[in-house]
Amino acid sequence: MIGSTLLVTLAAVVGTFASPLELYKRTEPGTGQDNGFFYSFWTDGAGSVQYNNGPAGSYDVTWSNVGNFVAGKGWNPGSSRVITYNGTWNGANVNSYLSIYGWTRNPLIEYYVVESFGTYNPSSGASKLGTVESDGGTYDVYRTQRVNQPSIDGTATFYQFWSVRQQKRVGGTVTMQNHFDAWSSAGLQLGTHNYQIVATEGYQSSGSASIEVIAS
Ligand SMILES: *[C@@H]1O[C@H](CO)[C@@H](O)[C@H](O)[C@H]1NC(C)=O
């Protein structure tokens with residue numbers, strides 16, 4: 001009797017703790033589908049990055065002494081959808097961004113709606129093309145150029161479009177249409193949408209994040 005009670009109790013305890021952990025799966029660099037969401041995990045290979053896909057739109061990532069990585073969950077193709085996300089981001093005191101991040105082709109564009117950045121403002125050195133009020137905040141609009149850098153089409157030269165939120169936050173709603181409209185007004189034209197994710201990025205830093213893309 002004592003033996004079987006113990007077994008039942010042990011099974012219950014193991015069950016309680018095992019299932020949430022199993023739902024976060026260590027995932028190798030690449031792209032794919034996970035629990036109904038698209039994910040992308042890119043790294044330049046320097047340092048270490050552990051990226052885990054979790055239930056529905058959730059993921060977590062821990063990085064140490066990296067060169068550069070970008071990882072997260074969202075959709076493929078991207079669109080003007082309204083995105084809601086939440087979570088925690090331990091990147092405020094290091095070089096890291098938390099963004100809605102995506103790509104288009106024809107033209108090849110890498111875009112960011114930066115919700116929070118750490119020690120480095122990605123728009124440093126770029127000239128401001130305008131501002132857009134959206135989702136309770138003000139975002140500054142910029143364009144920068146990357147020359148012979150990694151892209152969804154291999155090494156290429158392309159523009160980056162930026163909206164950088166002045167009031168940093170981790171969690172909320174992002175109305176992508178407002179950013180696309182603001183970029184268009186500034187003469188910045190996107191192409192055909194490829195993927196669009198709520199991304200954690202790290203550059204020459206160590207940190208962690210646990211993010212959940214909730215809805216679109
Ligand atoms: C997001 O919010 C929901 C509802 O409050 C919560 O259950 C979930 O744990 C949060 N996700 C993260 C990654 O913090």
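Start at the ligand in this predicted model: the residues of the shell around it divide into no nonpolar, three polar and one charged.

**Stop 1: the ligand shell.** Select Asn86, Gly87, Ser210 and Glu212, the residues around the ligand. Then show the side chain of glutamate 212, where a polar atom lies 2.8 Å from a nitrogen atom of the ligand. On its own the ligand has 360 Å² of accessible area, and the protein covers 41% of that. Two elements each give two or more residues to this shell: strand S7 (82-90) and strand S15 (207-215).

**Stop 2: the strands beside the ligand.** Select S7 and S15 together; they pair in the antiparallel sense over seven bridges. Within this pair, threonine 88 has serine 210 of S15 as its bridge partner. Serine 210 is also one of the residues around the ligand.

Next add strand S5 (residues 58-64), which pairs with S15 in the antiparallel sense over six bridges. Two positions can be picked out here: tyrosine 59 stands opposite isoleucine 211 in S15, and valine 61 stands opposite alanine 209 in S15.

**Stop 3: the six-stranded sheet.** Widen the selection to the open sheet with the order S1-S4-S5-S15-S7-S13, whose pairing is antiparallel. At the edges are strand S1 (25-27) and strand S13 (172-175); each has a single partner strand, so one side of each is left without a neighbour in the sheet. From one strand to the next, the twist averages 30°. Now select H2, which packs on this sheet and touches S7 and S13. The direction of H2 makes about 40° with that of S13.

**Stop 4: the nine-stranded sheet.** Move to the other open sheet, in which nine strands follow the order S2-S3-S6-S14-S8-S9-S12-S11-S10 with mixed pairing. Its edges are strand S2 (30-34) and strand S10 (130-134), each with a single partner strand, so one side of each has no neighbour in the sheet. On average, neighbouring strands here are turned by 25° against each other, direction ignored.

For a view of one pair, select strand S3 (residues 37-43) and strand S6 (residues 68-75), which pair in the antiparallel sense over six bridges. The bridge partner of serine 40 is glycine 72 in S6.

**Stop 5: back to the helix.** Select helix H2 (residues 176-185) again, which packs on the nine-stranded sheet as well. There H2 touches strands including S8 (96-105), S9 (109-117) and S14 (192-203). The direction of H2 makes about 120° with that of S9.

Methods:
Residues numbered from 1 in each chain as written. Predicted model: local features only at pLDDT ≥ 70, side-chain atom pairs only at ≥ 80, totals over all residues. Heavy atoms only, no water. Near = heavy atom within 4 Å. Polar contact = N/O pair within 3.5 Å; in protein donor to acceptor, adjacent residues only side chain to side chain. Areas by Shrake-Rupley, 256 points an atom, 1.4 Å probe, with all protein chains shown as cover. Helix = DSSP H or I, 4+ residues; strand = E, 2+ residues; numbered from the N terminus. Nonpolar A, V, L, I, M, F, W, Y, C, P; charged D, E, K, R; others polar. Pairing = 2+ DSSP bridges. Axes fitted to C-alpha atoms, helices over the stretch in contact; angles between N-to-C directions. Contact = heavy atoms within 4.5 Å.
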